[in-house]
Every structure is written in C-alpha cells, then in structure tokens.
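User: Could you take a close look at the internal cavity in this model for me? I would like to know what lines it, and how the helices around that part are built.

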Amino acid sequence: MADKENIFRVTRGSKRRAAEAATPDDRSANKRRVVLGELPILQNASASLDRKSKSKTSRQRRRVKSRDTPGTSAAAEINTLPEGDVKLADDGDSDDPQMCRVYASDIYEYLRAMETDPRRRPLPDYIGRVQKDISPNMRGILVDWLVEVAEEYKLISDTLYLSISYVDRYLSLNAISRQKLQLLGVSAMLIASKYEEISPPHVEEFVYITDNTYNREEVVEMEAEILKSLEFELGNPTIKTFLRRFTMIAQETYEYNTLQFEFLGYYLAELSLIDYNCVKFLPSLTAASVIFLARFMIQPKRHPWTSRLEHCTGYKPADMKDCVLLIHDLYLSRRGGALAAIREKYKQHKYKFVSVMPSPPEIPVPYFEDVRI
C-alpha cells in the first residue's frame with residue numbers, strides 16, 4: 001500500500017490506450033460542455049419562426065465566450081468554470097428569483113443544521129477507532145487518485161466532494177482491508193455521479209479506470225453496501241456548498257482579480273480533502289477557513305476577516321485558527337507534499353496557476369483575534 005502505483009493501477013499509458021480504443025458510445029470521449037444558450041434547436045420543433053428569432057436574440061444577449069482566451073473577460077470566464085455553479089444569494093440587492101434572496105438565511109440555517117446531523121458526519125477519529133488495515137496516508141492516496149478520476153471523466157466538483165464524504169462516512173461504520181479501499185472509492189464516486197451528474201459514467205468506466213482490478217459485479221455490490229450503510233442519506237452539504245456563499249460575500253469588500261480568488265478558494269478547499277486531520281472540521285468551518293486564507297494570501301498586509309464575514313459565516317477568526325493553519329501547511333507542502341494531483345490540476349492556465357501563487361510562510365497571530373471592520 002506504500003506504493004501508489006501498486007495500489008491504484010491506473011497509468012497515463014492506460015488512459016492513452018483508452019483514448020485510442022474509444023468507440024462512439026464511449027462516455028470518456030472528449031465532449032465539449034455547452035451552456036443552455038448554445039444548445040441546437042431541433043428541426044421538428046413546433047415553435048414559430050418569430051419565437052425562434054426572439055430566442056436567438058435573447059441568447060445573443062446572454063451568450064458568454066466558452067473558451068479560455070486572453071481576451072475573455074472575468075465575468076465571461078466565471079461562466080466557463082467546470083463547476084457550473086449557481087451561487088446562493090446573500091441578503092443583497094439582487095432581484096433575480098433564482099438567487100433566493102428572500103430565503104437565503106433560512107437555507108443557510110438549514111444547511112448548518114444538516115451538516116451537524118450525526119447520520120451525515122464521519123467520525124473524526126474513525127481510522128483509530130474503526131479501521132485496522134487503513135492509515136491516514138492510504139486515505140490521502142485514495143483522495144488524490146479520485147481527483148484524477150474526476151478530471152478524467154470531467155465530473156463536477158460537487159461529485160468529488162460527495163464521493164469523499166461517502167468514503168469517510170462508510171469507513172466510520174465499516175472496517176475494510178486495504179485491498180478494497182480503491183473499490184470503495186470508485187463505488188462512492190459512482191453513487192455521487194448518479195446523484196450530481198446529468199450523464200454519469202457507466203459502471204464499466206469505473207471498472208476500467210482501476211485497470212480492471214475489480215469487475216462489474218464487485219463495484220455494484222460495493223455500491224449497494226455503501227447505500228445500505230449510509231441509509232440512503234446522500235444529500236449532505238459539503239465544503240463546496242458553503243464556499244459558494246462565502247466567496248460571494250468575501251468579494252463584496254475586496255478589490256482583486258475575482259476569478260483568481262475563486263480558483264484559489266477551490267484549490268485550498270480541495271487540498272483540505274487529502275488530509276485526514278481535516279475530517280474533524282465541519283464543512284462550513286473549512287469553507288470559512290479557505291476564504292480567510294485566500295484573502296490573506298492575496299492581501300497579506302490586510303486583516304483577512306471582517307465583521308460582515310463573521311456575521312454571515314458564524315465564525316470568528318479564533319474559531320478557524322487550527323483549520324487555517326492546517327490548510328496553509330498543505331498549500332506550502334509542509335503536509336501532503338507527495339500527493340500531487342490537486343497541485344498539478346491547479347497549475348493549469350484555465351485555473352490561473354493558483355497552485356504556484358506565492359504565500360507568506362507565516363500568518364500573523366493578531367489576525368486570529370476578533371475584528372471590528
């Protein structure tokens with residue numbers, strides 16, 4: 001289990017062979033996602049020509065560039081994010097009914113209550129209490145590999161977060177051998193894909209990505225075991241759920257590259273997934289800590305927290321100190337430095353190279369004191 005290549009038998013060579021052998025029905029074939037405005041109009045549609053003309057005009061007004069080019073505006077690039085997020089509105093001035101302004105606070109209170117539900121929370125020390133053959137390092141390797149799988153099949157980030165949540169919750173209830181850890185990971189991602197994705201990958205694709213270490217029947221059987229263990233409680237909020245709201249609030253008071261800030265938040269949040277010590281933190285606390293650290297990294301000489309953020313998140317700087325310092329160590333590779341999938345992912349131009357952004361080596365202690373800004 002110490003050798004990542006021996007545990008998770010998927011190589012870049014196997015991915016190349018898959019691309020060469022791909023068939024038209026292959027779900028892993030390269031497909032460009034499109035926004036609703038770019039969907040083709042069916043030839044047998046019953047709409048009149050005038051209606052089509054109006055629809056076309058409306059699409060032209062709303063259309064955004066779908067390629068990451070130097071001339072793309074920040075607003076346009078935000079709409080090309082792989083996550084395809086719709087942010088939860090704060091109590092701002094937006095009149096867009098889809099922003100849920102009237103219900104935002106109630107939704108947030110409900111999510112905060114749901115994240116503390118014991119049925120939806122993993123044990124903070126399950127490796128010591130439940131597992132006999134699994135170590136924190138093995139879990140980190142699994143999560144690092146699942147990030148690669150999600151990238152390979154172009155899954156949205158919500159699918160990744162849910163997958164890891166299911167893994168942690170299952171391991172909190174069931175002791176398994178190290179030989180089944182990868183099976184647990186792909187089966188959890190299969191369930192999360194069915195929950196989140198419009199077109200989830202087939203079972204056979206998850207079998208293939210393990211280099212056929214497991215067969216279809218084993219993946220399906222493990223899927224059933226996970227569902228029964230979790231009692232079909234699959235819709236728990238994740239770090240990403242809260243990060244959408246907190247990111248929007250944080251951007252109201254800072255003047256910086258909005259897209260870079262969002263990507264940096266995504267990167268820090270995904271880094272927290274690989275460290276077992278982050279399991280003990282609530283998703284909302286981790287999301288708030290990510291915002292704190294991202295603001296500090298972009299403007300190190302300015303206090304990263306405000307009274308508005310404290311009010312909206314429910315966390316004071318002192319509440320986040322342990323989580324912030326842990327994620328900061330992950331960013332600086334003081335922890336988890338050997339796990340490179342997330343770091344390589346965010347080195348790309350489409351993510352604004354946030355994984356190589358400079359960061360001060362230490363966070364000033366006064367920043368963890370109460371603020372009145």
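Analyst: Happy to help; here is the cavity, followed by some helices.

A word on conventions first: this is a predicted model, in which local features need pLDDT of at least 70 and side-chain atom pairs count only at pLDDT 80 or more, while totals for chains, interfaces and linings use all residues. Residues are numbered from 1 along each chain as its sequence is written, and side-chain values use heavy atoms, with hydrogens and water left out.

A search of the whole structure turns up one cavity of 30 Å³ or more. Here a cavity is a set of points, on a 1 Å grid over the protein atoms alone, where a 1.4 Å probe fits but cannot get out; lining residues have an atom within 4 Å of a point. The volume, the space filled by probe spheres set on the points (joined across faces, edges and corners), is about 310 Å³ for the largest cavity. Its lining has 22 residues, and the closest to the centre are Arg121, Ser165, Asp168, Ile239 and Pro283.

By chemistry, the lining divides into 11 nonpolar, five polar and six charged residues. In this scheme Ala, Val, Leu, Ile, Met, Phe, Trp, Tyr, Cys and Pro count as nonpolar, Asp, Glu, Lys and Arg as charged, and the others, Gly among them, as polar. Domain 1 (117-230) and domain 2 (239-368) each supply at least three lining residues; those bounds come from an automatic or database domain assignment.

The elements giving two or more residues to the lining are helices H8 (157-171), H13 (258-274) and H14 (283-298). Helices are DSSP runs (H or I, at least four residues), numbered from the N terminus. H8 gives the most, with four residues. With 15 residues, H8 reaches 21 Å from its first C-alpha to its last, close to the 21 Å expected (1.5 Å times one less than the number of residues). In H8, 15 of 15 residues are buried, meaning under 20% relative accessible area with a 1.4 Å probe, protein chains only.

Helix H9 (residues 181-196) makes a useful companion case. Its 16 residues should span 22 Å at 1.5 Å a residue, so the 22 Å between its end C-alpha atoms agrees. H9 is mostly covered too, with 13 of its 16 residues buried. Ser193 lies in this helix and counts as buried because its relative accessibility is 0%. The Ser193 side chain reaches the backbone oxygen of Met189 at 2.7 Å.

Notes: 1 Å grid on protein atoms, 1.4 Å probe; cavity = no way out; pocket = protein on both sides within 12 Å on 5 of 7 lines; lining within 4 Å. Buried < 20%, exposed > 50% of the residue type's maximum accessible area, 1.4 Å probe, protein only. Polar contact = N/O pair within 3.5 Å; in protein donor to acceptor, adjacent residues only side chain to side chain.
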